[in-house]
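Subject: Structure handover

Hello,

Here is the structure we discussed. Please open it alongside this email and follow the residue names as you read.

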Amino acid sequence: MCGIVVTVGAGADETTFRRMIGAIVPRGETTELLRHGDVLAGTQRLHIVDRERAVQPWLSADGRYLLCYNGEVFNHRELHAELVRLGRPLRTESDTEVVLEAFLAWGETAVHRLRGEYAFAIVELPTRRTYLARDPLGVKPLYWSAEGGRLHVGSEVKALVPAGGRITEVGPGEHGWAAPGEPPKLAPYVDLLALGADESPITDVDQAAAAVRETLRDSIRVRLDTDLTVGVVLSGGLDSTLTLLHVQRWHPDCVAFTIGAPGSEDLDYARRVTADLGVPHEVIELDPRQVRLAEIREAVRIGELTEYGDIINAVVSVPLFRRIRDAGVKVVLTGDGSDELFGGYDMYHRVGPAAARRLFLHKIRNLCRTELQRVDRASMGQGVETRIPFLDLALVRLAMRLPVELKRRDGREKWIVRQAFADVLPDYVLRRPKNPLSYSSGLHERARLYKPLFPRLHRSFGYEAYEPVRRDFDTLLQRYDHDLDAAVAAGAARHDYTLLERARDLAGAARRNLAPPRRATVP
C-alpha cells in the first residue's frame, strides 16, 4: 500500500515534483524516488507485503519498464507461481513485482487476472508511454493531469495541485495508455453499469443465501493474508459485526475500533459485540463539542471530498483512523459497500425493479468518489491500509444477480445477508436497523453547523482543479421522487445549494444541537 506520483515529459521539474510527493507523505513510511531522464517517479510506501524487498519505483529486470503501484493483489501468490511456471524468474515475494511481471507476460489483459484493490502506473522508459490502471470498484485512487506537455499521475488530488492544470480521475475499472505529451486514452475493462446484465438472476432464497455466505466469507479470508495485527472498524451493525466475526475466526490477532459520542448507539452495540466475542476493543469517545473548525478543516483537507455528507462522515473518520495508527495497526477491514450492494438505503425500495437496478449500479459506479474516497483518505492520511471485503468484484457481481425482493423483506433492509448469516449473528445485531455512520456515532449534527464553510475550505486547498463541492446526490434523489435521470440533470444544472436551502439546513442543525442527547440502549 502506497501513495504514488509520476511526472513524464520534457522539462520535468524536481522542485515541483518534491512538492507533489511531499503532499502525500502520510500515505507511507518510506519516501522512494527515481529519476530517469524526463521521468520522475516516487512512492510513499507503507510496508505490508515482503516489506524489505518490495522497493519502489520498481524496475523490470531489463530496466525498460518502471512501475509505481498502490494497493494489494490478494491472489499474488497464485499469480507468482503461474509466472514462474511460464519461465519468468521473480526476485521477491511481493505483489508489487507480480503486477509488473503480469503486465509483461499478458499485456493489458493482465488486469483481468488481478484480484485486489489497486491503482498503478507503468512507464515504458525508452518511449515514455505510460499505462494506467485502477481496480474494478475504484477502492484505490488514481488521478492525472496534463500541463505544458507533461503528464502527471498521483494517488490524491493534493499531489497534483502543485503541477497546475485540470485534474481528472481514472475511473473505476479503467485502464489505458498515454502517449508522450498527451492525455491518457482510457477505456473500461469492467463495465460497472452493466454488471449482472448477461447473467441469470438468482431467485431461490436458499441458493441466494448460500452464495452470499460463501462469496463474502471467501472475500474476507483472502484479505487476511498478513502476519500483521488486523483491525476492524466496528459500529456494532450488521456489516461490521459480520466482518469481525470472520476476522476473529481466521486471524485471531485482531482488534476492533469504534468511534462515537458518549452514549451513542454505536458504542453500546460495539461494546456488547466485542464482549460477547472476547475481542480487544479500542473505543474513541468524541464529545460533539470537540468538533470545531480545526477538525472540519482537517477533514476537508484530508478528504478532498465533493459532497457535504461525505465531508461530515470524514469528520468522524479522521480521529478514528488516527487512533488506529497510534495503536500500531496498519491493516484494517471495514464493512463499507454492503448498503450499496444489498439495499441498505430506502431509495432502492421506493421505485420499481428496473429503476432500482439503475440506482444500484449508479451508486456502485460512484462509490469511488464518495464512500471509498472518504475511507481511503482518512485511513491513508494516517498511514493505515483499509481492505473492503464487501466490494470484491465476485460479491458485487453476485449482488447484482439478486432481485430487490431478496434485499428487503419483512421491513428489513439487507434481508438476504441477514438470512445468510442468521445462525452466527447475535439476535440483537440481526434486529438492529441501519443507521448512517455520522448519525449513529452521535456526531452528525455538530458537523452540520459548519456546512456553509465547506466550499470555501475546499477551494482554499486548490481542490476545485478537480471538482467543486456539490449538493448531496441522495438529497436530489429525494427531491425528484427517486427519478435518477431528473436528479442527475438537476445536479448538473445547479451544483450547490441555494442560500435559502443553506439557511434552512443551518437552522435545523442549530435546533438539534440545542436539544439534549438521546441515550441509546441495546436490546
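Below are the notes on sheets, cores, cysteines and annotated positions.

The model is predicted, so local features need pLDDT of at least 70, side-chain atom pairs count only at pLDDT 80 or more, and totals for chains, interfaces and linings use all residues. Residues are numbered from 1 along each chain as its sequence is written, and side-chain values use heavy atoms, with hydrogens and water left out.

First sheet

Helices (H or I, at least four residues) and strands (E, at least two) are DSSP runs, numbered from the N terminus. Two strands pair if DSSP finds at least two bridges between them. One open sheet has six strands in the order E2-E3-E1-E9-E8-E10, and the pairing is antiparallel. Its edges are strand E2 (30-36) and strand E10 (168-169), each paired on one side only. Helix H1 (residues 14-22) packs on this sheet and touches E1, E2, strand E3 (39-45) and E9. Contact here means heavy atoms within 4.5 Å. The direction of H1 makes about 20° with that of E3. Axes are lines fitted to C-alpha atoms, for helices over the stretch in contact, and angles run from 0 to 180 degrees between N-to-C directions. Strands E1 (residues 2-8) and E9 (residues 150-154) run antiparallel and are joined by four bridges. Val-6 stands opposite Val-153 in E9.

Second sheet

Another open sheet of six strands runs E4-E5-E6-E7-E11-E12, also with antiparallel pairing. Strand E4 (58-59) and strand E12 (185-188) are the edge strands. Helix H3 packs on the sheet, touching E4, strand E5 (65-73), strand E6 (116-124), E7 and E11. The direction of H3 makes about 120° with that of E5. Four bridges connect strand E7 (residues 129-134) with strand E11 (residues 174-178). Thr-130 lies in E7, and its bridge partner in E11 is Ala-178. Thr-130 is buried, at 1% relative accessibility. Buried means under 20% relative accessible area, exposed over 50%, partly exposed in between (1.4 Å probe, protein chains only). Leaving out residues up to four places away in sequence, Thr-130 touches residues including Val-8, Leu-151 and Trp-177.

Cores

A nonpolar core is a set of buried Ala, Val, Leu, Ile, Met, Phe, Trp, Tyr and Cys residues joined through side-chain atoms within 4.5 Å. The largest one has 96 residues. Phe-120, Val-212, Phe-342 and Ile-416 have the most contacts inside it. A second, separate core has 50 residues, among them Ile-24, Phe-257, Leu-443 and Tyr-497. Beyond its neighbours within four places in sequence, Phe-120 contacts residues including Ile-4, Cys-68, Val-99 and Leu-142.

Cysteines

How many disulfides does the whole structure hold? The search finds zero. A disulfide is counted as a pair of cysteine sulfur atoms within 2.5 Å. Cys-68 makes no such bond because the closest cysteine sulfur, in Cys-2, is 8.6 Å from its own. Cys-68 is buried at 0% relative accessibility, and Cys-254 is buried at 5%.

Annotated positions

UniProt lists Asp-95 as "binding site" in an unreviewed entry. Asp-95 sits in helix H3 (residues 95-106) and is buried, with a relative accessible area of 3%. The "binding site" annotation, from an unreviewed entry, also covers Ile-259. Ile-259 is in strand E14 (residues 254-260) and is buried at 4% relative accessibility. UniProt positions are given in the numbering used here, feature names are shortened, and annotations may be inferred rather than shown by experiment.

Best wishes
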